[in-house]
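Let's take a friendly walk through this structure, one piece at a time. Have your viewer ready, and feel free to follow along as we go.

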Amino acid sequence: MDVMINWTLILPILVLQLVLAVIGLISLSKAQMVRGPKWMWVLIIVIGNMLGSILYFIVGRKDM
């Protein structure tokens, strides 16, 4: 069984996921107040892939 992976479709999603994770982690490191402990958001961003970063930006950030 020979499976061909279409990298032209997958690569932009992987790049977007990486960019979101990096931006989320930078935003988290600069944030003074977040909802819940910061270590929890690091785990959510790193393990949750694209959804973890989006979840942090929607729920985790605590604007003053």
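In which hand, left or right, does helix 1 pass helix 3? The crossing is left-handed. Keep in mind that what you see is a predicted model. Helix 1 covers residues 7–30 and helix 3 covers residues 49–60; their axes come within 9 Å and cross at roughly 35 degrees.

Now zoom in on the place where these two helices meet. Helix 1 contributes Ile 13, Leu 16, Gln 17, Leu 20, Ala 21, Ile 23, Gly 24, Ser 27 and Leu 28, while helix 3 answers with Asn 49, Met 50, Ser 53, Ile 54, Tyr 56 and Phe 57. Sorted by class, this contact holds ten nonpolar and five polar residues, with no charged ones.

One of the polar participants deserves a closer look. Ser 53 sits in helix 3. Its relative accessibility is 0%, so Ser 53 counts as buried, the cut-off being under 20%. Beyond its sequence neighbours up to four places away, Ser 53 touches Leu 20, Ala 21 and Ile 45.

Ala 21 and Ile 45 also take us to the largest nonpolar core, a set of seven residues that further includes Leu 28, Ala 31, Val 34, Trp 41 and Tyr 56. Helix 1 and helix 2 (38–47) each supply at least two residues of this core. Try selecting Trp 41 next: setting aside residues up to four places away in sequence, Trp 41 touches Leu 28, Val 34, Arg 35, Gly 36, Leu 55, Tyr 56, Val 59 and Gly 60.

Back to helix 3, where Asn 49 has its place. If you check backbone torsions, you will find that Asn 49 has a positive phi of about 55 degrees, although it is not a glycine. With a relative accessible area of 38%, Asn 49 is partly exposed.

The segment after helix 3 holds Lys 62, which is likewise partly exposed, with a relative accessible area of 38%. Leaving aside neighbours within four places in sequence, Lys 62 is in contact with Met 33, Val 34 and Arg 35. Ile 5 lies 57 residues from Lys 62 along the chain, and the C-alpha atoms of the two are separated by 40 Å.

Finally, here is how the annotation maps onto the model. An unreviewed UniProt entry places the feature "domain: Cardiolipin synthase N-terminal" at residues 19–61. Over that stretch the chain is 79% helix and 0% strand, and the end C-alpha atoms are 18 Å apart.

Key
Residues numbered from 1 in each chain as written. Predicted model: local features only at pLDDT ≥ 70, side-chain atom pairs only at ≥ 80, totals over all residues. Heavy atoms only, no water. UniProt positions renumbered as here; feature names shortened; annotations may be inferred. Helix = DSSP H or I, 4+ residues; strand = E, 2+ residues; numbered from the N terminus. Axes fitted to C-alpha atoms, helices over the stretch in contact; angles between N-to-C directions. Left-handed = near helix turned anticlockwise from the far one by under 90°. Contact = heavy atoms within 4.5 Å. Nonpolar A, V, L, I, M, F, W, Y, C, P; charged D, E, K, R; others polar. Core = buried A, V, L, I, M, F, W, Y, C linked by side-chain atoms within 4.5 Å. Buried < 20%, exposed > 50% of the residue type's maximum accessible area, 1.4 Å probe, protein only.
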